[in-house]
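Student: Could you take one part of this model and go through it closely? I would like to see how one piece sits against its neighbours.

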Amino acid sequence: MPDLKTSHGFGGIRGGMAPFLVPAGVDERPKRKQTRAKRNVSAAEVAEEAVQQLRLPRPVIRTSPDEDFTQVVHVPTWMWVQASSWKQVSETASVDGVTVTATARPRKAVWSMGDGASVMCLGPGTPYSARFGAESSSPDCGYTYRRASLPQPKGKYRVRVRVTWDVSWHGAGESGVVPDMAMTAEQPLSVDEVQAVVTA
């Protein structure tokens with residue numbers, strides 16, 4: 001039996017006070033509510049997080065004639081980026097009560113045609129349809145090859161498109177822009193010459 005006088009200072013049983021035993025390891029001090037102090041974050045810091053969450057779609061290359069078929073020298077090739085990969089994308093981030101939304105919009109597509117030439121299109125390009133003539137040029141995004149791709153590796157040009165995105169953000173009464181965001185894609189393209197045959 002522990003010495004109540006020395007352990008608890010109540011004067012023991014003889015002092016007329018019943019001892020009040022406190023289990024070992026129990027802290028009787030008043031508990032303070034634990035709260036996490038908010039950081040003084042800026043809208044620009046939260047914007048960085050929103051921009052990092054953006055998932056820009058990789059451009060899907062389409063051509064006419066179709067990329068699985070051979071393009072023809074001196075006949076216009078139509079190029080466009082598939083609509084599913086040319087669309088606005090937004091993400092929202094919140095940190096310690098500061099909420100910011102980042103929005104990305106595709107602005108232009110620069111095509112490297114594989115033969116040293118490049119074409120800039122201010123938009124996704126126009127998909128080819130049967131209402132256009134077979135030898136008509138694209139109204140906004142096309143190219144006409146002058147040389148066949150036979151001397152190239154595997155006999156094909158490596159066509160590359162780079163889509164540039166305008167990225168802006170707003171929140172907490174502030175706004176800003178993020179420059180130089182882009183996505184790229186490549187596609188092999190076979191180009192050949194069609195020889196005319198003259199018959200009597």
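Tutor: A definition comes first: two strands count as paired if DSSP finds at least two bridges between them. The model is a predicted one. By that rule β8 and β9 pair, in the antiparallel sense and over 14 bridges. One of these links joins Val 159 to its bridge partner in β9, Gln 187. The hairpin of β8 and β9 has two residues between the strands, and Ala 172 there takes a positive phi near 55°.

Now take the part to look at closely, helix α2, which runs over residues 43–53. Its buried residues are Ala 43, Val 46, Ala 47, Ala 50 and Val 51. Seen down the axis of α2, these buried residues fall within an arc of 145°, so they line one face of the helix. Glu 48 and Gln 52, on the other side of α2, are exposed. What lies over the buried residues of α2? The cover includes β8 (157–171) and β9 (174–189), the hairpin strands described above, along with β4 (89–95) and β5 (98–112).

For contrast, look away from the helix. Cys 121 and Cys 141 form a disulfide, with their sulfur atoms 2.0 Å apart. Cys 121 lies in strand β6 and Cys 141 in the loop between β6 and β7, so the pair ties together parts that are 20 residues apart in sequence. Both Cys 121 and Cys 141 are buried. The link between Cys 121 and Cys 141 is right-handed, with 80° about the S-S bond.

Notes:
Residues numbered from 1 in each chain as written. Predicted model: local features only at pLDDT ≥ 70, side-chain atom pairs only at ≥ 80, totals over all residues. Heavy atoms only, no water. Buried < 20%, exposed > 50% of the residue type's maximum accessible area, 1.4 Å probe, protein only. Helix = DSSP H or I, 4+ residues; strand = E, 2+ residues; numbered from the N terminus. Arc of directions from axis to C-beta. Contact = heavy atoms within 4.5 Å. Disulfide = S-S within 2.5 Å.
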